[in-house]
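Here is a friendly walk through one model, starting from its core and working outwards. Keep the viewer open as you read.

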Amino acid sequence: MQSKKNVKIIKERLLEHYPSAKTELVFKNNFELLVCVMLSAQCTDKRVNLITPALFERYPDAKSLAAANLPSLKLLINSCSFFNNKAQNLIKMAQALCEKHAGEVPLDENELKALAGVGVKTAHVVLIEALGANFMAVDTHVFRISKRLDLLKNAKVPEQADAELSELFKTDLNRLHQAMIIFGRYTCKAIKPQCEDCFLSEFCKEKTNKI
């Protein structure tokens with residue numbers, strides 16, 4: 001586990017190297033944002049961005065998505081991982097928006113998590129993007145980086161790492177989330193990480209491993 005001094009340095013360097021980091025998902029409003037984030041679970045942002053233009057043309061709002069034909073929706077998103085479950089959850093989510101929130105996406109963590117297919121990570125990403133909220137959202141990139149940089153004490157899976165990282169960094173969590181994703185996507189990659197270009201190499205406990 002890193003010292004408080006090292007944690008501070010890691011945080012500062014991430015924010016310095018990625019001062020304007022932002023999501024690569026393409027969306028126009030909070031409804032599109034929520035759909036994009038739901039689709040992005042275990043799927044690349046690039047793939048989601050290929051799917052959503054036709055999807056949003058057919059279903060531009062919660063009302064139209066709530067009335068979607070399930071087989072037709074599946075066909076539109078079938079290049080996305082777990083499209084069967086995602087299609088069902090998207091319809092249920094949209095129905096709940098119409099029934100409980102007048103078709104609008106609630107910008108409250110508990111209300112978001114009450115929607116079908118929305119867990120902690122999805123809720124936090126929506127709040128980060130929509131409000132710039134001080135939340136950490138742990139995907140595979142953030143979790144991998146956190147393990148390599150020895151930032152986690154007890155977390156064994158991404159879902160458990162959120163609270164640890166939030167307590168560790170405390171502030172600028174939204175910006176750190178974005179920075180860590182970009183860092184993990186293009187430098188600290190799962191396969192063949194670009195260790196020679198890494199600005200955090202001295203803190204990495206796996207730097208001598210050939211990953």
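The largest nonpolar core has 40 residues, and those touching the most other members are Val 35, Leu 39, Leu 65, Leu 73, Leu 90 and Met 93. A nonpolar core here is a set of buried Ala, Val, Leu, Ile, Met, Phe, Trp, Tyr and Cys residues joined through side-chain atoms within 4.5 Å. At least two residues of this core come from each of H2, helix H3 (45-58), helix H4 (62-66), helix H5 (70-77), helix H6 (83-100) and H8. With eight residues, H2 gives the most. Helices are DSSP runs (H or I, at least four residues), numbered from the N terminus.

Please bear in mind that this is a predicted model: local features need pLDDT of at least 70, side-chain atom pairs count only at pLDDT 80 or more, and totals for chains, interfaces and linings use all residues. Residues are numbered from 1 along each chain as its sequence is written, and side-chain values use heavy atoms, with hydrogens and water left out.

**Inside the cores**

Val 35 lies in helix H2 and is buried, at 1% relative accessible area. The accessibility classes are buried (under 20% relative accessible area), exposed (over 50%) and partly exposed (in between), with a 1.4 Å probe and protein chains only. Not counting residues up to four places away in sequence, Val 35 touches Leu 55, Phe 56, Leu 65, Leu 90 and Met 93; contact means heavy atoms within 4.5 Å. Under that same sequence exclusion, Leu 65 touches Phe 31, Val 35, Tyr 59, Leu 73, Leu 90, Ile 91, Met 93 and Ala 94. There is also a second, separate core of 30 residues, which includes Leu 151, Leu 173, Ile 181 and Leu 200.

**Helix H2 against helix H8**

How do the axes of H2 and H8 cross? The axes of helix H2 (residues 30-39) and helix H8 (residues 120-131) come within 10 Å and cross at roughly 145°. Axes are lines fitted to C-alpha atoms, for helices over the stretch in contact, and angles run from 0 to 180 degrees between N-to-C directions. On the H2 side the contact is made by Asn 30, Leu 33, Leu 34, Val 37 and Met 38, and on the H8 side by Thr 122, Val 125, Val 126, Glu 129 and Ala 130.

Val 125 also appears among the contacts of His 177, together with Ile 128, Phe 135, Met 136, Ala 137 and Val 142, leaving aside neighbours within four places in sequence. His 177 is found in helix H11 (residues 173-186) and counts as buried, at 4% relative accessibility.

**Two positive phi angles**

Neither residue in this table is a glycine.

| Residue | Phi | Place | Relative accessibility |
|---|---|---|---|
| Asp 150 | about 60° | loop between helix H9 (140-148) and helix H10 (158-169) | 21%, partly exposed |
| Lys 192 | about 55° | segment after H11 | 62%, exposed |

**Cysteines**

How many disulfides does a search of the whole structure find? The search finds zero, where a disulfide is a pair of cysteine sulfur atoms within 2.5 Å. The sulfur of Cys 188 has its closest cysteine sulfur in Cys 204, 6.0 Å away, which is too far for a bond. For Cys 195 the closest cysteine sulfur is also in Cys 204, at 6.3 Å, again too far for a bond. Cys 188 is buried, at 12% relative accessible area, whereas Cys 195 is partly exposed at 36%.
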